[in-house]
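Reader: I should like a close look at one part of this model, the aromatic rings and their surroundings. Please set out how they are arranged and what they join.

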Amino acid sequence: MTKIIKIFTIISLLFLGAGVKCFLETKSPNANHSENQDPNPAPILSSETAASDVAKIVDVPWKGPETSPKGEHWTFDLFTAPTISRDGGNFIAALPWLKKSQTTVNFEVISVAQKLYPLQLSGYFTAPIVDGLASADGGYTFMLRDGTTRESLVVKLGQNLEQYGVEVRKFEEKGAAGETQGYPRLTVFDRNISREVTLTAAPQYYDALWEIKLRLKAEGKEILLSRAGEKFSVGAECYTLESVDAEGKLLTFSQKIGKNTQIFSLPVAGDKNPPPKH
């Protein structure tokens, strides 16, 4: 009986030891089971290796968008709005860079003339002498004529004409050698254009200001321009007046077409011998 008890005790201890070992292997975080093991475990990287891998990622070039099967211009653009135009009773939207050539110019040049300077010297006189005494005002008095309103003004040297933005500065009755052609002359300083203007009996014109009339072919409306560099629009098309050839009656314009700029020239409508277009 004693031997049986001893044998039973030994067997129990053996089973208990095996159970404890199995329990510890199951709970251990480093337990490696054949079914969970990665056949190709990733190598442990040092800090230098990790930094090198990060640098390589930064140096990878940014790839462009993939071309759509519908064509390269189907790539979505967040920054460029489509050009919307009207064709009859329908509206048409197109991307600006798809426009390859200039469409029909929908306006014509009606007239080109230099802008008339508003003031003109129409006469002058000296202060009257009464009983041998000159007037207290002394000096000359000048008659100016407004070519726009056709009104007359009486002014003196040093006077400011606020409504025109000019100051009367100098008067020359004759030239230095006594010549009379182109004289008398009255010089005024124009604050609007920051320069002196010489007034004579002949009409004066601005050097860089114009009176230009354009007319829309479809609607008949007029567009007025006054200087080179001025921009205007006709429908969805934008134009710039680049230069004016008054003698040749030829105006040069530019138009933005896609990413390019197209230059073209137009003569005054009705000119019998218009100069050739550029």
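Author: A charge counts as lying over a ring if NZ of Lys or CZ of Arg is within 6 Å of the ring centre and within 35 degrees of the ring normal. In this predicted model, Arg 185 meets that description, lying over the face of Tyr 183 at 4.3 Å from the ring centre.

Rings also pair with one another, and a search of the whole structure finds 13 aromatic pairs. One of them is formed by Tyr 117 and Tyr 206, which are tilted, with 5.2 Å centre to centre and 55 degrees between the planes. Tyr 117 lies in the loop between β3 and β4, and Tyr 206 in strand β13, so this pair ties together parts that are 89 residues apart in sequence. Both Tyr 117 and Tyr 206 are buried.

Tyr 140 and Phe 171 form a tilted pair, at 5.0 Å centre to centre and 55 degrees between the planes. Because Tyr 140 belongs to strand β7 and Phe 171 to strand β10, the pair ties together parts 31 residues apart in sequence. Tyr 140 is partly exposed, at 29% relative accessibility, whereas Phe 171 is buried, with a relative accessible area of 15%.

Strand β10, residues 166-172, also holds Arg 169. Arg 169 counts as partly exposed, at 40% relative accessibility. Leaving aside neighbours within four places in sequence, Arg 169 is in contact with Leu 157, Thr 187, Val 188, Phe 189 and Glu 196.

Finally, Phe 107, Phe 232, Tyr 239, Phe 253 and Phe 264 form one aromatic cluster.

Conventions: Residues numbered from 1 in each chain as written. Predicted model: local features only at pLDDT ≥ 70, side-chain atom pairs only at ≥ 80, totals over all residues. Heavy atoms only, no water. Helix = DSSP H or I, 4+ residues; strand = E, 2+ residues; numbered from the N terminus. Buried < 20%, exposed > 50% of the residue type's maximum accessible area, 1.4 Å probe, protein only. Contact = heavy atoms within 4.5 Å. Phe/Tyr/Trp six-rings, centres within 6.5 Å; stacked < 30°, edge-to-face > 60°.
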